[in-house]
Amino acid sequence: MEGAGCSSVPVGDGGARDPSLLPERLQRREQERQLETERRRQARQDRAAEGEQNAGFVAAFARERSAAEELLRGEPSAERLQAAAERLQGLQGLLNDAVLFLAAYDLRQGQQALAQLQATLAARRQELQPQKRFAFKTRRKEAAAAPGAPPESAAAPPPPSKDPATLGFGWACGFSGLDSQVVEKGADELRQRDVLLTDLTNCTVRLYGNPNTLRVAKARGCKVLCGPVSTSVFLEDCTDCVLAVACQQLRVHTTTDTRIFLQVTSRAIVEDCRGIQFAPYTWSYQDIDQHFESSGLDRSRNNWNDVDDFNWLARDVASPNWSILPEGERGLQSG
């Protein structure tokens with residue numbers, strides 16, 4: 001009975017078993033353990049690299065921000081303001097590159113800091129503009145010099161404004177409350193400004209320039225063609241529209257049956273939407289290369305078909321709320 005029930009599996013030095021003699025189940029477990037170990041090692045390396053990226057961004061952003069603030073202090077001059085504008089373009093480029101690794105809170109903080117500097121730059125530029133003061137005072141003195149003369153009739157009040165800058169929205173420029181109109185704005189009107197288009201019906205809007213942000217709200221049957229936007233584009237409560245835009249980030253909310261010709265450096269986001277179709281950005285005009293350069297966008301990076309649907313969490317099944325526009329339907333007429 002001696003030796004009964006004992007196996008004859010050979011044992012090498014140190015008691016390690018030959019892997020080829022292990023049962024298949026144990027081999028699988030060993031492979032899974034090795035894969036998990038490798039995954040954790042890679043995750044540690046990724047976190048370390050992300051930390052280095054964050055630290056590099058913070059240092060570069062602080063350096064460029066400090067230089068821009070110094071240029072905006074003191075007596076303004078055309079040369080100093082041009083240098084400050086170039087620094088702000090550098091800050092915009094840093095933010096564009098950091099979208100993929102920077103936390104959302106840090107990204108918002110950076111965008112807010114940049115927006116404040118852009119507002120300061122705009123105010124400084126306004127200080128350099130010549131002041132117009134004398135025409136109104138002259139008319140008032142002439143009226144006072146002739147007391148017996150009948151008073152001039154009061155000027156007629158201006159017509160209701162269609163520019164959101166005067167409608168209390170807090171946006172710099174745009175169009176509101178139009179029906180069946182073709183309207184446009186040029187580069188000087190749009191340069192690093194926030195644009196709002198709202199309550200438009202059957203309109204065509206052409207924006208030949210580089211805005212800072214673009215928001216389109218409550219549009220029906222409209223076509224919006226826009227040059228490169230430095231930061232974010234928001235589309236909400238729109239129906240049966242066409243949008244052509246290049247930007248850093250796109251968010252689409254409560255919108256239906258709309259085609260979007262897109263260049264975006266991050267991932268587009270749709271929420272509470274239906275019938276959204278995406279295609280690459282193809283709109284072009286004379287100075288678009290210059291406007292891409294001033295926007296800080298990376299033209300080689302385009303995630304137009306990489307879309308997150310916040311109402312569709314199944315990763316292995318395509319969202320029914322958005323799709324790719326077939327190539328045969330991608331004609332984008334400028335009108």
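## Strand β3 and residue D199

D199 is located in strand β3. In this predicted model, the phi angle of D199 is positive, at about 55°, although the residue is not a glycine. Most residues other than glycine have a negative phi. D199 has a relative accessibility of 39% and therefore counts as partly exposed, since that class lies between the 20% limit for buried residues and the 50% limit for exposed ones.

## Q192 in the loop before β3

A positive phi also occurs at Q192, where the angle is near 55° in a residue other than glycine. Q192 belongs to the loop between α5 and β3 (194-201). What is the relative accessible area of Q192, and how is the residue classed? The area is 23%, so Q192 is partly exposed. Q192 also takes part in the lining of the largest pocket, where it is one of the residues that lie nearest the centre.

## The largest pocket

The largest pocket has a volume of about 840 Å³. Its lining consists of 25 residues, and those nearest its centre are L121, R125, R191, Q192 and R193. Which helices each supply at least two residues of this lining? They include α2 (78-98) and α3 (104-128), together with α5 (187-190) and α6 (288-295). Of the elements concerned, α3 gives the most, with seven residues.

By residue class, the lining of the largest pocket comprises eight nonpolar, twelve polar and five charged residues. Among the residues nearest the centre, R125, R191 and R193 are arginines, a residue type that counts as charged.

## The internal cavity

Rolling a probe the size of a water molecule over the atoms shows where empty space is left. In this protein the count comes to one cavity of 30 Å³ or more, and the volume of the largest cavity is about 30 Å³. The residues that line the largest cavity are V216, A219, V224, L235, C241, V242, L243 and T258. Two strands, β5 (213-220) and β8 (242-247), are the elements that give two or more residues to this lining.

How does the lining of the largest cavity divide between nonpolar, polar and charged residues? Seven are nonpolar, one is polar and none is charged. T258, a lining residue, is a threonine and so falls in the polar class.

## N321 and its contacts

N321 lies in the loop between β13 (307-309) and β14 (322-324). Is N321 buried or exposed? With a relative accessibility of 18%, N321 counts as buried, because the class covers values under 20%.

The side chain of N321 is joined to that of D309 by a polar contact of 2.7 Å. When neighbours within four places in sequence are left aside, the residues in contact with N321 are C273, R274, G275, I276 and D309. D309 thus appears both in this set of contacts and as the polar partner of N321.

## The protein as a whole

The predicted fold contains six helices and 14 strands. Of the 335 residues in the protein, 34% are buried. The accessible surface comes to about 20,400 Å², and carbon and sulfur atoms account for 50% of this area. Among contacts between residues at least 6 apart in sequence, 39% join residues that are at least 24 apart.

Definitions and conventions
Residues numbered from 1 in each chain as written. Predicted model: local features only at pLDDT ≥ 70, side-chain atom pairs only at ≥ 80, totals over all residues. Heavy atoms only, no water. Helix = DSSP H or I, 4+ residues; strand = E, 2+ residues; numbered from the N terminus. Buried < 20%, exposed > 50% of the residue type's maximum accessible area, 1.4 Å probe, protein only. Contact = heavy atoms within 4.5 Å. Areas by Shrake-Rupley, 256 points an atom, 1.4 Å probe, with all protein chains shown as cover. 1 Å grid on protein atoms, 1.4 Å probe; cavity = no way out; pocket = protein on both sides within 12 Å on 5 of 7 lines; lining within 4 Å. Points joined across faces, edges and corners; volume = space filled by probe spheres on them. Polar contact = N/O pair within 3.5 Å; in protein donor to acceptor, adjacent residues only side chain to side chain.
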